[in-house]
Amino acid sequence: MEDPKTTIKLRCLFCKSDQFVFPNEDYKPQPGDLIVCANCGRQNDYDSLMRVMKSHAEEWMEEQAEEAMKRAAKELEKELKKLSR
Amino acid sequence: MNKEQREQMIDKLLIHLNDEVEKTGDPIGCVRFDFQEATDKWDEESIALLQTDAEGLQQILNVCLSRGYLKRSYMTRRCEGIELTEEGQGRAISVDAASRNPKPVAEMHGSINIGTMNANGATQIGHGNVQNIENVIQTWLALIDAADAPEEQKKEAKGLLAKFVEHPLVNTCLGIAGGFAAQMMGAK
(Lines give C-alpha, C1' and ligand atoms only; values in the text may rest on other atoms or scores of the structure.)
Protein backbone atom coordinates (compact mmCIF):
# COMPACT_ATOMS: atom_id res chain seq x y z
CA MET A 1 0.00 0.00 0.00
CA GLU A 2 1.21 3.48 -0.91
CA ASP A 3 2.00 5.97 1.82
CA PRO A 4 -0.97 8.29 2.18
CA LYS A 5 -0.30 11.85 1.10
CA THR A 6 -2.29 15.04 1.30
CA THR A 7 -1.92 18.74 0.63
CA ILE A 8 -2.96 21.24 3.25
CA LYS A 9 -3.21 24.83 2.08
CA LEU A 10 -2.75 27.91 4.17
CA ARG A 11 -6.16 29.52 4.45
CA CYS A 12 -7.13 33.03 5.45
CA LEU A 13 -8.28 33.05 9.07
CA PHE A 14 -11.09 35.45 8.18
CA CYS A 15 -12.60 34.18 4.92
CA LYS A 16 -10.84 30.80 4.33
CA SER A 17 -9.46 31.88 0.94
CA ASP A 18 -6.12 30.29 -0.04
CA GLN A 19 -4.95 33.28 -2.10
CA PHE A 20 -2.57 35.77 -0.52
CA VAL A 21 -0.78 38.89 -1.69
CA PHE A 22 3.00 38.53 -1.85
CA PRO A 23 5.62 41.12 -2.78
CA ASN A 24 6.98 38.84 -5.52
CA GLU A 25 6.71 35.26 -6.75
CA ASP A 26 9.81 34.07 -4.89
CA TYR A 27 8.79 35.59 -1.59
CA LYS A 28 8.95 33.25 1.40
CA PRO A 29 7.03 34.53 4.43
CA GLN A 30 9.00 34.89 7.65
CA PRO A 31 7.83 34.32 11.24
CA GLY A 32 6.09 37.43 12.50
CA ASP A 33 4.97 38.56 9.04
CA LEU A 34 1.44 39.77 8.45
CA ILE A 35 0.13 38.44 5.15
CA VAL A 36 -2.73 40.09 3.28
CA CYS A 37 -5.55 37.88 2.00
CA ALA A 38 -6.20 38.41 -1.71
CA ASN A 39 -9.92 37.87 -1.20
CA CYS A 40 -10.91 39.89 1.87
CA GLY A 41 -7.82 42.06 2.28
CA ARG A 42 -7.40 41.31 5.97
CA GLN A 43 -4.00 40.73 7.54
CA ASN A 44 -3.13 37.23 8.73
CA ASP A 45 -0.39 36.45 11.20
CA TYR A 46 1.89 33.99 9.40
CA ASP A 47 2.80 32.09 12.59
CA SER A 48 -0.89 31.55 13.35
CA LEU A 49 -1.53 30.32 9.81
CA MET A 50 1.26 27.79 10.24
CA ARG A 51 -0.11 26.65 13.61
CA VAL A 52 -3.58 26.13 12.12
CA MET A 53 -2.07 24.22 9.22
CA LYS A 54 -0.07 22.06 11.64
CA SER A 55 -3.17 21.24 13.68
CA HIS A 56 -5.03 20.24 10.49
CA ALA A 57 -2.07 18.08 9.50
CA GLU A 58 -2.11 16.40 12.92
CA GLU A 59 -5.85 15.74 12.63
CA TRP A 60 -5.31 14.20 9.19
CA MET A 61 -2.46 12.05 10.50
CA GLU A 62 -4.62 10.83 13.39
CA GLU A 63 -7.38 9.88 10.93
CA GLN A 64 -4.88 8.02 8.77
CA ALA A 65 -3.45 6.19 11.77
CA GLU A 66 -6.94 5.19 12.88
CA GLU A 67 -7.75 3.90 9.39
CA ALA A 68 -4.48 1.95 9.29
CA MET A 69 -5.19 0.41 12.70
CA LYS A 70 -8.68 -0.63 11.57
CA ARG A 71 -7.27 -2.21 8.41
CA ALA A 72 -4.59 -4.02 10.39
CA ALA A 73 -7.16 -5.30 12.89
CA LYS A 74 -9.32 -6.66 10.04
CA GLU A 75 -6.32 -8.39 8.47
CA LEU A 76 -5.36 -9.90 11.80
CA GLU A 77 -8.91 -11.12 12.35
CA LYS A 78 -8.88 -12.80 8.93
CA GLU A 79 -5.58 -14.50 9.63
CA LEU A 80 -6.76 -15.72 13.03
CA LYS A 81 -9.93 -17.13 11.49
CA LYS A 82 -7.81 -18.99 8.92
CA LEU A 83 -5.63 -20.44 11.66
CA SER A 84 -8.56 -21.54 13.79
CA ARG A 85 -10.09 -23.55 10.90
CA MET B 1 -26.30 44.30 13.42
CA ASN B 2 -24.72 44.55 9.98
CA LYS B 3 -21.92 42.33 8.63
CA GLU B 4 -19.15 44.76 9.50
CA GLN B 5 -20.35 45.13 13.09
CA ARG B 6 -20.63 41.36 13.36
CA GLU B 7 -17.03 40.85 12.20
CA GLN B 8 -15.82 43.49 14.67
CA MET B 9 -17.70 41.79 17.50
CA ILE B 10 -16.20 38.43 16.54
CA ASP B 11 -12.73 40.02 16.62
CA LYS B 12 -13.38 41.56 20.05
CA LEU B 13 -14.74 38.36 21.55
CA LEU B 14 -11.89 36.21 20.21
CA ILE B 15 -9.25 38.66 21.46
CA HIS B 16 -10.94 38.70 24.87
CA LEU B 17 -11.06 34.90 25.08
CA ASN B 18 -7.47 34.54 23.84
CA ASP B 19 -6.29 37.02 26.49
CA GLU B 20 -8.01 34.90 29.13
CA VAL B 21 -6.37 31.73 27.77
CA GLU B 22 -2.93 33.34 27.69
CA LYS B 23 -3.37 34.60 31.26
CA THR B 24 -3.64 31.00 32.44
CA GLY B 25 -0.54 29.84 30.55
CA ASP B 26 -2.39 26.71 29.42
CA PRO B 27 -2.89 25.59 25.82
CA ILE B 28 -6.22 26.48 24.20
CA GLY B 29 -7.74 23.01 24.66
CA CYS B 30 -7.33 23.21 28.45
CA VAL B 31 -9.30 26.41 29.01
CA ARG B 32 -13.08 26.30 28.83
CA PHE B 33 -15.60 29.08 28.90
CA ASP B 34 -19.14 28.90 30.20
CA PHE B 35 -21.64 31.33 28.80
CA GLN B 36 -24.75 31.05 30.92
CA GLU B 37 -27.75 30.69 28.68
CA ALA B 38 -30.40 31.77 31.18
CA THR B 39 -31.49 35.13 29.81
CA ASP B 40 -31.27 36.83 33.20
CA LYS B 41 -27.72 35.66 33.85
CA TRP B 42 -25.78 35.81 30.62
CA ASP B 43 -22.03 36.35 30.57
CA GLU B 44 -22.13 39.99 31.61
CA GLU B 45 -18.46 40.61 30.84
CA SER B 46 -18.83 39.52 27.21
CA ILE B 47 -22.08 41.42 26.77
CA ALA B 48 -20.44 44.58 28.13
CA LEU B 49 -17.38 44.06 25.94
CA LEU B 50 -19.42 43.64 22.78
CA GLN B 51 -21.90 46.32 23.78
CA THR B 52 -24.76 44.05 22.89
CA ASP B 53 -27.51 42.04 24.55
CA ALA B 54 -27.98 38.33 25.30
CA GLU B 55 -29.42 37.73 21.84
CA GLY B 56 -26.46 39.51 20.21
CA LEU B 57 -23.94 37.48 22.19
CA GLN B 58 -25.74 34.26 21.27
CA GLN B 59 -25.61 35.26 17.61
CA ILE B 60 -21.86 35.96 17.78
CA LEU B 61 -21.19 32.70 19.63
CA ASN B 62 -23.17 30.79 17.01
CA VAL B 63 -21.19 32.36 14.17
CA CYS B 64 -17.90 31.57 15.95
CA LEU B 65 -18.98 27.96 16.57
CA SER B 66 -20.17 27.58 13.00
CA ARG B 67 -16.95 28.95 11.49
CA GLY B 68 -14.77 26.85 13.78
CA TYR B 69 -13.30 29.72 15.82
CA LEU B 70 -14.83 28.13 18.93
CA LYS B 71 -15.90 24.58 19.70
CA ARG B 72 -17.85 22.79 22.36
CA SER B 73 -15.71 20.47 24.43
CA TYR B 74 -18.61 18.07 24.94
CA MET B 75 -21.83 17.22 23.13
CA THR B 76 -24.36 19.82 24.11
CA ARG B 77 -26.47 22.50 22.48
CA ARG B 78 -25.75 24.85 25.37
CA CYS B 79 -23.00 27.46 25.42
CA GLU B 80 -20.98 25.74 28.11
CA GLY B 81 -17.54 24.17 27.97
CA ILE B 82 -16.58 26.33 25.00
CA GLU B 83 -12.97 26.15 23.79
CA LEU B 84 -11.00 28.46 21.55
CA THR B 85 -9.68 26.68 18.44
CA GLU B 86 -6.41 27.27 16.57
CA GLU B 87 -8.39 29.26 13.98
CA GLY B 88 -9.98 31.38 16.70
CA GLN B 89 -6.68 32.05 18.41
CA GLY B 90 -5.06 32.74 15.03
CA ARG B 91 -7.69 35.31 14.14
CA ALA B 92 -7.35 36.96 17.55
CA ILE B 93 -3.55 37.16 17.21
CA SER B 94 -3.82 38.45 13.64
CA VAL B 95 -6.27 41.23 14.54
CA ASP B 96 -4.18 42.19 17.57
CA ALA B 97 -0.92 42.18 15.57
CA ALA B 98 -2.47 44.16 12.72
CA SER B 99 -3.70 46.83 15.14
CA ARG B 100 -0.19 47.24 16.56
CA ASN B 101 1.70 46.92 13.28
CA PRO B 102 -0.59 48.02 10.47
CA LYS B 103 2.05 47.47 7.76
CA PRO B 104 1.46 44.09 6.10
CA VAL B 105 4.29 42.29 4.34
CA ALA B 106 3.11 43.30 0.86
CA GLU B 107 3.29 46.96 1.84
CA MET B 108 6.80 46.75 3.26
CA HIS B 109 8.22 45.94 -0.16
CA GLY B 110 8.47 48.01 -3.29
CA SER B 111 6.21 45.94 -5.51
CA ILE B 112 3.34 43.51 -5.20
CA ASN B 113 2.53 40.21 -6.89
CA ILE B 114 -1.14 39.29 -6.96
CA GLY B 115 -1.42 37.33 -10.19
CA THR B 116 -2.56 38.64 -13.57
CA MET B 117 -3.88 42.14 -13.98
CA ASN B 118 -5.15 43.61 -17.22
CA ALA B 119 -5.59 47.30 -17.84
CA ASN B 120 -6.36 49.39 -20.89
CA GLY B 121 -3.91 52.23 -21.26
CA ALA B 122 -0.65 52.98 -19.53
CA THR B 123 -1.54 51.90 -16.00
CA GLN B 124 1.13 50.96 -13.53
CA ILE B 125 0.73 49.34 -10.16
CA GLY B 126 3.03 49.94 -7.20
CA HIS B 127 4.27 52.65 -4.90
CA GLY B 128 5.12 55.93 -6.58
CA ASN B 129 2.48 55.46 -9.25
CA VAL B 130 -0.45 56.88 -7.36
CA GLN B 131 -0.65 59.87 -9.69
CA ASN B 132 -1.12 57.57 -12.67
CA ILE B 133 -3.83 55.59 -10.89
CA GLU B 134 -5.56 58.79 -9.87
CA ASN B 135 -5.56 59.84 -13.52
CA VAL B 136 -7.16 56.58 -14.59
CA ILE B 137 -9.85 56.89 -11.95
CA GLN B 138 -10.44 60.52 -12.88
CA THR B 139 -10.90 59.40 -16.50
CA TRP B 140 -13.43 56.78 -15.42
CA LEU B 141 -15.31 59.42 -13.45
CA ALA B 142 -15.33 61.74 -16.44
CA LEU B 143 -16.62 58.92 -18.65
CA ILE B 144 -19.39 58.15 -16.17
CA ASP B 145 -20.33 61.84 -16.10
CA ALA B 146 -20.37 62.03 -19.88
CA ALA B 147 -22.39 58.83 -20.26
CA ASP B 148 -25.93 59.01 -21.63
CA ALA B 149 -27.55 57.55 -18.53
CA PRO B 150 -29.89 58.70 -15.77
CA GLU B 151 -28.33 60.58 -12.82
CA GLU B 152 -29.25 57.73 -10.49
CA GLN B 153 -27.21 55.21 -12.49
CA LYS B 154 -24.25 57.58 -12.66
CA LYS B 155 -24.40 57.98 -8.90
CA GLU B 156 -24.52 54.21 -8.46
CA ALA B 157 -21.52 53.71 -10.77
CA LYS B 158 -19.51 56.32 -8.85
CA GLY B 159 -20.47 54.65 -5.58
CA LEU B 160 -19.20 51.31 -6.85
CA LEU B 161 -15.96 52.94 -7.98
CA ALA B 162 -15.55 54.49 -4.53
CA LYS B 163 -16.18 51.10 -2.94
CA PHE B 164 -13.51 49.55 -5.18
CA VAL B 165 -10.91 52.19 -4.32
CA GLU B 166 -11.71 52.02 -0.62
CA HIS B 167 -11.42 48.23 -0.42
CA PRO B 168 -8.52 47.43 1.97
CA LEU B 169 -6.83 45.17 -0.57
CA VAL B 170 -6.97 47.79 -3.33
CA ASN B 171 -5.58 50.26 -0.81
CA THR B 172 -2.74 47.89 -0.06
CA CYS B 173 -2.00 47.15 -3.71
CA LEU B 174 -2.14 50.69 -4.97
CA GLY B 175 -0.80 52.47 -1.93
CA ILE B 176 -3.72 54.88 -2.05
CA ALA B 177 -4.11 56.87 1.12
CA GLY B 178 -7.28 56.43 3.17
CA GLY B 179 -10.08 58.81 2.26
CA PHE B 180 -8.79 59.17 -1.29
CA ALA B 181 -12.01 57.79 -2.76
CA ALA B 182 -14.18 60.06 -0.64
CA GLN B 183 -11.99 62.97 -1.69
CA MET B 184 -12.34 62.10 -5.37
CA MET B 185 -16.03 61.34 -5.25
CA GLY B 186 -16.61 64.51 -3.26
CA ALA B 187 -14.84 66.54 -5.89
CA LYS B 188 -17.17 65.27 -8.60
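# A tour of chain A and the core it helps to build

Within chain A of this predicted model, confidence is highest in β3(A), with a mean of 92, and lowest in β1(A), with a mean of 86. Chain A as a whole has a mean pLDDT of 87, and 99% of its residues reach 70 or more. Its elements are three strands and one helix, which follow one another as β-β-β-α along the sequence. Here is a walk through the sheet, the helix, the core and a few residues worth a look.

**The sheet**

- The three strands of chain A make an open sheet in the order β1-β2-β3, with antiparallel pairing. Because β1 and β3 of chain A each have a single partner strand, they stand at the edges, and one side of each is left without a neighbour in the sheet.
- Strand β1(A), residues 20–21, is joined to β2(A) by two bridges, and these strands run antiparallel. Look for A:F20 here: its bridge partner in β2(A) is A:C37.
- On the other pairing, β2(A) meets β3(A), residues 43–45, over three bridges, again in the antiparallel sense. A:N44 of β3(A) is the residue that stands opposite A:I35.
- A hairpin links β2(A) and β3(A), with five residues between the two strands. In its turn, A:G41 has a positive phi of about 80°.
- Strand β2(A), residues 34–37, has side chains going both ways: A:L34 and A:V36 point one way, while A:I35 and A:C37 point the other. These four residues are all buried.

**The helix and its packing**

- Helix α1(A) has 39 residues, which should span 57 Å at 1.5 Å a residue. Its end C-alpha atoms are indeed 57 Å apart, so the expected and modelled spans agree.
- Little of this helix is covered, as three of the 39 residues in α1(A) count as buried. They are A:Y46, A:L49 and A:V52.
- The partners of those buried α1(A) residues come from both chains: they pack against β2 and β3 of chain A together with α4 of chain B.
- Relative to the sheet, α1(A) lies across β2 and β3 of chain A and runs at about 65° to β3(A). Helix α4(B) also packs on the sheet, where it touches β2 and β3 of chain A, and its direction makes about 115° with that of β3(A).

**The core**

- The largest nonpolar core holds 33 residues, and the members that touch the most others are B:L13, B:I60 and B:C64. Both chains contribute: at least two residues each come from β1, β2 and α1 (46–84) of chain A, and from α1 (3–24), α3 (54–67), β2 (82–84) and α4 (86–100) of chain B. The greatest contributor is α1(B), with six residues.
- For a closer view, try B:I60, whose contacts beyond its neighbours within four places in sequence are B:M9, B:I10, B:L13 and B:L50.
- As for chain A on its own, 21% of its 85 residues count as buried.
- Of the chain A contacts between residues at least 6 apart in sequence, 37% join residues at least 24 apart.

**Residues before the first strand**

- A:K16 sits in the segment before β1 of chain A. Its phi is near 70°, a positive value in a residue other than glycine. For comparison, most residues other than glycine have a negative phi.
- A:K16 counts as partly exposed because it has 14 C-beta neighbours inside 10 Å, and the partly exposed class lies between 12 or fewer for exposed and 20 or more for buried.
- A:D3 is also found in the segment before β1 of chain A. With 5 other C-beta atoms within 10 Å, A:D3 is exposed, since 12 or fewer is the cut-off for that class.
- Where does A:D3 stand relative to A:Q64 in sequence and in space? A:D3 and A:Q64 are 61 residues apart in sequence, and their C-alpha atoms are 10.0 Å apart.

Notes:
Residues are numbered from 1 along each chain as its sequence is written. Chains are lettered from A and ligands numbered from 1 in the order in which they are written. Two strands pair if DSSP finds at least two bridges between them. Two residues are in contact if their C-beta atoms, placed from the backbone, lie within 7 Å. A nonpolar core is a set of buried Ala, Val, Leu, Ile, Met, Phe, Trp, Tyr and Cys residues joined through C-beta atoms within 7 Å. pLDDT is the predictor's confidence in each residue, from 0 to 100. The expected span of a helix is 1.5 Å times one less than its number of residues. Axes are lines fitted to C-alpha atoms, for helices over the stretch in contact, and angles run from 0 to 180 degrees between N-to-C directions.
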